[in-house]
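Student: I would like a close look at one part of this model. Please keep it brisk, and connect it to what surrounds it.

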Amino acid sequence: MSMVIGFTTGQFAVISGDTRATYTGNGEVKHDDAFHKIFRVNNNILVGFTGNGDGIRVLKDYSFLKRPDDEYADKYASRIFDELGGNRIDKPFNMMIIGRTVNKTGWATIFNTDDYQPQVNKEFINQAMVFPFPPADGRVDANYLVAEYTPSLVNILHTSVSVEQAITRVAKFQEEKIKSMSNIVQSVNSFPETYSLRFE
């Protein structure tokens, strides 16, 4: 399993993920630095995945990883559920969608396609929010990571002199956390990638 971290505010969103793919079951490394788990879908939407990599291929096949700029994060999530939801998403993976609504509000949802009927969890962001997918080896809990990461990220927001600086510092923070996890968990590597959006 992989590690993906998303962070969003009312002004921007940043997503980071490692790039290692492993074979299901035995954990043997399949690809070590070229398996993309995060995507910039358009100027409003960032997505990240953990779990079965076939799910990414399914969404590519349905053109969900490249969308026109007039589509926004909340509507995008609803379309995925409408068109691919329920039994039609048959690959077990987790998906994080962060970005903005048509009203330029920061927004995020996380779901697991193992759920028989996954629900869209809408979060309208006034402050900063962290959404991590930790490696699924039982050693690290997502709520623990939120509690650990939030103070540092909020401090980055309060001490940055511009939105651009905040984005750069958040990206560096997230990538360092993934690199740190790669020293603990074999299924995560130390070659993270990052995408960001600034809400104009």
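Student: Take Arg139: is this residue buried or exposed, and what is its relative accessible area?

Tutor: One caution before the answer: this is a predicted model. Arg139 is exposed, because its relative accessible area is 55% and the cut-off for exposed is over 50%.

Now place the residue. Arg139 sits in a loop. Strand S10, residues 129-133, lies on one side of that loop, and H3 lies on the other. Look next at what Arg139 touches. With neighbours within four places in sequence set aside, its contacts are Ile184 and Val185. Ile184 is 45 residues away from Arg139 along the chain. In space, their C-alpha atoms are separated by 9.3 Å.

Follow the chain out of this loop and into H3. This helix covers residues 142-159, and its partner H4 covers residues 163-182. Their axes come within 9 Å of each other. The crossing angle is roughly 155°. Angles over 145 degrees count as roughly antiparallel, so H3 and H4 are roughly antiparallel to each other. The crossing of H3 past H4 is right-handed. On the H3 side, the contact uses Glu148, Tyr149, Ser152, Leu153, Ile156, Leu157 and Thr159. On the H4 side, Gln165, Ala166, Arg169, Val170, Phe173 and Lys177 take part. By type, seven residues of this contact are nonpolar, three are polar and three are charged.

The same helices lead inward. H3 and H4 each give two or more residues to the largest nonpolar core, as do strand S1 (4-8) and strand S2 (12-17). H4 is the biggest giver, with eight residues. The core holds 22 residues in total. Met3, Phe7, Phe12, Tyr149, Leu153 and Val170 have the most contacts inside this core. Tyr149, Leu153 and Val170 also appear in the helix contact.

Phe7 shows how these pieces meet. Apart from neighbours within four places in sequence, Phe7 is in contact with Phe12, Ala13 and Val14, among others. Its list also includes Leu153, Leu157 and Val170. Ile98, Ala128, Met129, Val130 and Gln174 belong to that list too. There is also a second, separate core, with 19 residues. Phe64, Tyr76, Ile80 and Met95 are among its members.

Compare Arg139 with some other loop residues. Pro192 lies in the loop between H4 and strand S11, residues 193-198. Its relative accessibility is 17%, so Pro192 counts as buried. Beyond four places in sequence, Pro192 touches Gly17, Asp18, Glu175, Ile178 and Lys179. Pro192 and Arg20 are 172 residues apart in sequence, yet 9.0 Å apart from C-alpha to C-alpha.

Now move to the loop between H1 and H2. Ser63 is in this loop. Its phi is positive, about 60°, although Ser63 is not a glycine. Ser63 is partly exposed, at 40% relative accessibility. Asp69 is in the loop between H1 and H2 as well, and it is partly exposed at 41%. Asp69 touches Asn42, Asn43 and Asn44, leaving out residues up to four places away in sequence. From Asp69 to Val41, the C-alpha separation is 8.7 Å across 28 residues of chain.

Tyr72 lies in the loop that runs from helix H1 (54-61) to helix H2 (73-84). It contacts Asn44, Ile45, Arg100, Thr101 and Val102, again with neighbours within four places left aside. Tyr72 and Arg100 are 28 residues apart in sequence. Their C-alpha atoms are 6.1 Å apart in space.

Step back to the whole chain. There are four helices and eleven strands. Of the 200 residues, 48% are buried. Among contacts with a separation of 6 or more, 61% link residues 24 or more positions apart. The Arg139 and Ile184 pair, 45 residues apart, is one local view of such distant partners.

Technical notes. Residues are numbered from 1 along each chain as its sequence is written. This is a predicted model: local features need pLDDT of at least 70, side-chain atom pairs count only at pLDDT 80 or more; totals for chains, interfaces and linings use all residues. Side-chain values use heavy atoms; hydrogens and water are left out. Axes are lines fitted to C-alpha atoms, for helices over the stretch in contact, and angles run from 0 to 180 degrees between N-to-C directions. Angles under 35 degrees count as roughly parallel, over 145 as roughly antiparallel, 65 to 115 as roughly perpendicular and the rest as oblique. A crossing is left-handed if the near helix is turned anticlockwise from the far one by less than a right angle, and right-handed if clockwise. Contact means heavy atoms within 4.5 Å. Ala, Val, Leu, Ile, Met, Phe, Trp, Tyr, Cys and Pro count as nonpolar, Asp, Glu, Lys and Arg as charged, and the others, Gly among them, as polar. A nonpolar core is a set of buried Ala, Val, Leu, Ile, Met, Phe, Trp, Tyr and Cys residues joined through side-chain atoms within 4.5 Å. Buried means under 20% relative accessible area, exposed over 50%, partly exposed in between (1.4 Å probe, protein chains only).
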